[in-house]
Amino acid sequence: MVLLRRVIGDALRARRQGQHRTLREVSSAANVSLGYLSEIERGHKEPSSELLAAICDALGARLSELLREVSDTVALAEQMPGVLVPVADEPAPVAPAAVRKATNRGVRQVTSDGGVAVQVRQDSPLKATLRSTRVRPAERDVVCAA
């Protein structure tokens with residue numbers, strides 16, 4: 001099962017690291033403790049909407065952009081059998097050429113034309129880890145063709 005707080009945390013961490021900023025810088029700008037921001041990024045705590053808006057503001061991002069990215073990640077995960085719901089006898093159809101199985105350890109990668117690449121690791125029947133990254137237009141063609 002994918003935890004929304006982990007997807008939100010991954011998206012926040014990716015934005016912060018993409019700006020080459022430290023947890024201390026962002027926590028200070030968002031007026032949130034460094035430890036709490038770290039727990040949010042690791043998916044251990046789920047931020048309130050007010051706190052999420054403050055963190056987005058500190059990162060110079062719109063809340064709607066972050067939520068759209070999170071929504072795209074979850075939407076791609078929904079296309080993969082067994083990630084959000086248990087696999088029945090017959091797996092749900094998956095968009096052709098959108099899914100690539102990576103290894104025998106349950107790691108799969110899904111891409112979309114929306115500029116999001118999602119890597120899914122099935123940790124257990126009830127737990128999956130999603131890692132999403134934004135794909136630049138030049139990289140998008142390479143990832144989708146793989």
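Let me start with arginine 16, which, once its neighbours within four places in sequence are left aside, is in contact with Arg21, Thr22, Leu23, Val26, Glu41 and Leu59. I should say at once that what we have on the screen is a predicted model. Arginine 16 is found in helix H1, and, although one might want to check this by eye, the computed relative accessibility is 9%, so arginine 16 counts as buried, the cut-off for that class being under 20%.

Staying in the same helix, let me move to leucine 4, which also lies in H1. Leucine 4 has a relative accessible area of 43% and is therefore partly exposed, since that class covers values between 20% and 50%. Not counting residues up to four places away in sequence, leucine 4 touches Val70 and Val74, and its C-alpha is 9.5 Å from that of serine 71, although leucine 4 and serine 71 are 67 residues apart in sequence.

That brings me to the helix pair itself. Two packed helices are described by the angle between their axes and the distance between the axes. Here, helix H1, residues 4–18, packs with helix H5, residues 63–78, at an angle of about 125 degrees, and the axes are 10 Å apart. The angle makes H1 oblique to H5, because it falls neither in the 65 to 115 degree range nor over 145 degrees. As for handedness, H1 passes H5 in a right-handed crossing.

Which residues make the contact? On the H1 side they are Leu4, Val7, Ile8, Ala11, Leu12 and Arg15, and on the H5 side Glu65, Leu66, Glu69, Val70, Thr73 and Val74. Sorted by class, this contact of H1 with H5 has 8 nonpolar residues, 1 polar residue and 3 charged residues.

Let me turn, finally, to the largest nonpolar core, which has 17 residues, and in which Leu12, Val26, Ile55 and Leu66 touch the most other members. The elements giving two or more residues to this core are H1, helix H2 (23–30), helix H3 (34–41), helix H4 (49–59) and H5, and of these H4 supplies the largest share, with 6 residues.

To look at one of those well-connected members, what does isoleucine 55 contact, leaving aside its neighbours within four places in sequence? The partners of isoleucine 55 are Leu12, Val26, Ala30, Leu37 and Ile40. Val26, I would point out, is also on the contact list of arginine 16, with which I began.

Definitions and conventions: Residues are numbered from 1 along each chain as its sequence is written. This is a predicted model: local features need pLDDT of at least 70, side-chain atom pairs count only at pLDDT 80 or more; totals for chains, interfaces and linings use all residues. Side-chain values use heavy atoms; hydrogens and water are left out. Axes are lines fitted to C-alpha atoms, for helices over the stretch in contact, and angles run from 0 to 180 degrees between N-to-C directions. Helices (H or I, at least four residues) and strands (E, at least two) are DSSP runs, numbered from the N terminus. Angles under 35 degrees count as roughly parallel, over 145 as roughly antiparallel, 65 to 115 as roughly perpendicular and the rest as oblique. A crossing is left-handed if the near helix is turned anticlockwise from the far one by less than a right angle, and right-handed if clockwise. Contact means heavy atoms within 4.5 Å. Ala, Val, Leu, Ile, Met, Phe, Trp, Tyr, Cys and Pro count as nonpolar, Asp, Glu, Lys and Arg as charged, and the others, Gly among them, as polar. A nonpolar core is a set of buried Ala, Val, Leu, Ile, Met, Phe, Trp, Tyr and Cys residues joined through side-chain atoms within 4.5 Å. Buried means under 20% relative accessible area, exposed over 50%, partly exposed in between (1.4 Å probe, protein chains only).
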